[in-house]
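User: I should be grateful for a close look at the internal packing of this model. Please describe which elements meet, through which residues, and what can be said about the loops beside them.

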Amino acid sequence: MSYRIATIPGDGIGVDVTVEAVAVLDAVLPGLEWTEFDWSCENYLRTGAMMPPDGPARLAGFDAILLGAVGFPGVPDHISLWGLLIPLRRAFGQYVNLRPVKLLPGTESALRGRTAEDLDILIVRENSEGEYSEIGGTHNPGRPDEFVLQESVFTRVGCERIIRYAFDRAAERSGKLCSATKSNGLIHSMPYWDRIFDEVALDYPGVETRQMHVDALAAEIVLHPDRLDVIVGSNLFGDILSDLAAAVTGGLGLAPSGNIDPTRSAPSMFEAVHGSAPDIAGQGIADPVAQILAGAMLLRHLGEEGAAVAVEQAVDEVLGAGDVLTPDLGGSATTAELGAAIADRARELVGVKSLPA
């Protein structure tokens, strides 16, 4: 199969690690057709826009998108987020944000005594509505009675489809699903979410369910992560919990994510969870593992399961050996050296011969 993949390297170390992820994917699936777009905060400073007005239309024909981290000094975060990532998520109906978090070989959890068996959680985050809404505004600006309104949006379609997606993933894994709620404080949105969760649960009698207030669930991730498998949450709750879970399993530098359109009517987009870290950009010390694992998620979404497994196994073996590690993992290897080690091992696993330079 031949696939057209768009890359948006973004800013800072997003550029550094995307190069390595592309090389690893080429190692296991030669013939991928890559097209790079320089949409970024630096592009915003040059042109006044993160991407051109026809950006989504230009990406619509691709099979998938590999996105680098975005963020740059002098550009507020809400400009970079609402100028690129969120418009693409919504233009392509990527209503699932999928964040697998697990303890990788050769790495240590922030939690004392926890092993890989304890830390393997899949977080399913609603990605298109909820608390991340544009509805609202500032009123009486600059006056003593100034105030702002920020509205949340919870639709039946939006809640039901993300909850059902999470039930499907739980049924494929251990059969356990936990819903993040806050119905004791958010009097309208969360009781509504809970009601739809209960309705969907009737279609999955084999899945064990829990509903936990998000603050208690955050504590559960720290104190008893082994009791959790799949978590489903609204846009805000899923965002916070996934970063917390990634932190306890070794750090954001190892965590991938996918913005997925399950209908496959539009391209899905894959990215590392970490930020652009402009202070170390271009120094060759950034950890490329999260972006490489995002590439594995991209391959799996395309149906290339064997290639995806090879990438993940190569990451596990290289990190487990401990010979080639970047400084954040306690080693002295460069970004390129770690990327090359993973690419070489992944190539061996799929039996792909090196192509001539």
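The answer below takes the helix contacts, then a proline, then the aromatic rings, and lastly two loop residues.

Analyst: The structure is a predicted model, and every value below is computed from it.

A suitable place to begin is the pair H7 and H8. Helix H7 covers residues 214–223, and helix H8 covers residues 235–248. Their axes come within 10 Å and cross at roughly 15°. Since angles under 35 degrees count as roughly parallel, H7 and H8 are therefore described as roughly parallel to each other. The crossing of H7 over H8 is right-handed. On the H7 side the contact involves Val214, Leu217, Ala218, Ile221 and Val222, and these meet Phe237, Leu241, Leu244, Ala245 and Val248 of H8. By class, this contact consists of ten nonpolar residues, with no polar and no charged ones.

The loop that follows H7 leads to strand S10 (230–233), and proline 225 lies in that loop. Is this proline buried or exposed? Its relative accessibility is 0%, so proline 225 counts as buried. Leaving aside residues up to four places away in sequence, proline 225 touches Leu111, Arg114, Asp118, Leu119, Ile121 and Glu220. A further link to this part of the chain appears in the backbone: the C-alpha atoms of proline 225 and aspartate 120 are separated by 8.2 Å, although the two residues are 105 places apart along the chain.

A second helix pair is formed by H9 (residues 289–301) and H10 (residues 305–321), whose axes lie 7 Å apart at an angle of about 160°. That angle makes H9 roughly antiparallel to H10, because angles over 145 degrees fall in that class. Here the crossing is left-handed. From H9, the contact draws on Val289, Ile292, Leu293, Ala296, Leu299 and Arg300; from H10, it draws on Glu305, Ala307, Ala308, Val309, Val311, Glu312, Val315 and Leu319. Sorted by class, the contact of H9 with H10 holds eleven nonpolar, no polar and three charged residues.

The third pair brings together H1 (residues 13–28) and H11 (residues 335–350), which pack at about 15° with axes 8 Å apart. On that basis H1 is roughly parallel to H11, and H1 passes H11 in a right-handed crossing. The H1 side supplies Asp16, Glu20, Ala23, Val24, Ala27 and Val28, while H11 supplies Thr335, Ala336, Gly339, Ala340, Ile342, Ala343, Ala346, Arg347 and Val350. This contact of H1 with H11 comprises ten nonpolar, two polar and three charged residues.

Aromatic side chains add further links. Over the whole structure, four aromatic pairs are found. In one of them, phenylalanine 37 and phenylalanine 62 have ring centres 5.8 Å apart and planes at 85°, so the arrangement is edge-to-face. Phenylalanine 37 sits in the loop between strand S2 (33–36) and helix H2 (41–47), and phenylalanine 62 in the loop between helix H3 (55–59) and strand S3 (64–67), so their pairing ties together parts that are 25 residues apart in sequence. With a relative accessible area of 8%, phenylalanine 37 is buried, and phenylalanine 62, at 7%, is buried as well. Ring pairs also join Phe37, Trp39 and Phe62 into a cluster.

Another pair consists of phenylalanine 167 and phenylalanine 197, with ring centres 5.2 Å apart and planes at 35°, so this one is tilted. Phenylalanine 167 belongs to helix H5 (residues 156–172) and phenylalanine 197 to helix H6 (residues 189–201), so the pair connects parts that are 30 residues apart in sequence. Phenylalanine 167 has 0% relative accessibility and counts as buried; phenylalanine 197, also at 0%, counts as buried.

Two loop residues deserve a remark on backbone geometry. Most residues other than glycine have a negative phi. Asparagine 140, which is not a glycine, has a positive phi of about 55°. Asparagine 140 is located in the loop between strand S6 (136–139) and strand S7 (147–150), and at 25% relative accessibility it counts as partly exposed. Alanine 277, likewise not a glycine, has a positive phi of about 40°. Alanine 277 lies in the loop that runs between strand S12 (268–272) and H9, and its relative accessibility of 24% places it among partly exposed residues.

Technical notes: Residues numbered from 1 in each chain as written. Predicted model: local features only at pLDDT ≥ 70, side-chain atom pairs only at ≥ 80, totals over all residues. Heavy atoms only, no water. Axes fitted to C-alpha atoms, helices over the stretch in contact; angles between N-to-C directions. Helix = DSSP H or I, 4+ residues; strand = E, 2+ residues; numbered from the N terminus. Parallel < 35°, antiparallel > 145°, perpendicular 65-115°, else oblique. Left-handed = near helix turned anticlockwise from the far one by under 90°. Contact = heavy atoms within 4.5 Å. Nonpolar A, V, L, I, M, F, W, Y, C, P; charged D, E, K, R; others polar. Buried < 20%, exposed > 50% of the residue type's maximum accessible area, 1.4 Å probe, protein only. Phe/Tyr/Trp six-rings, centres within 6.5 Å; stacked < 30°, edge-to-face > 60°.
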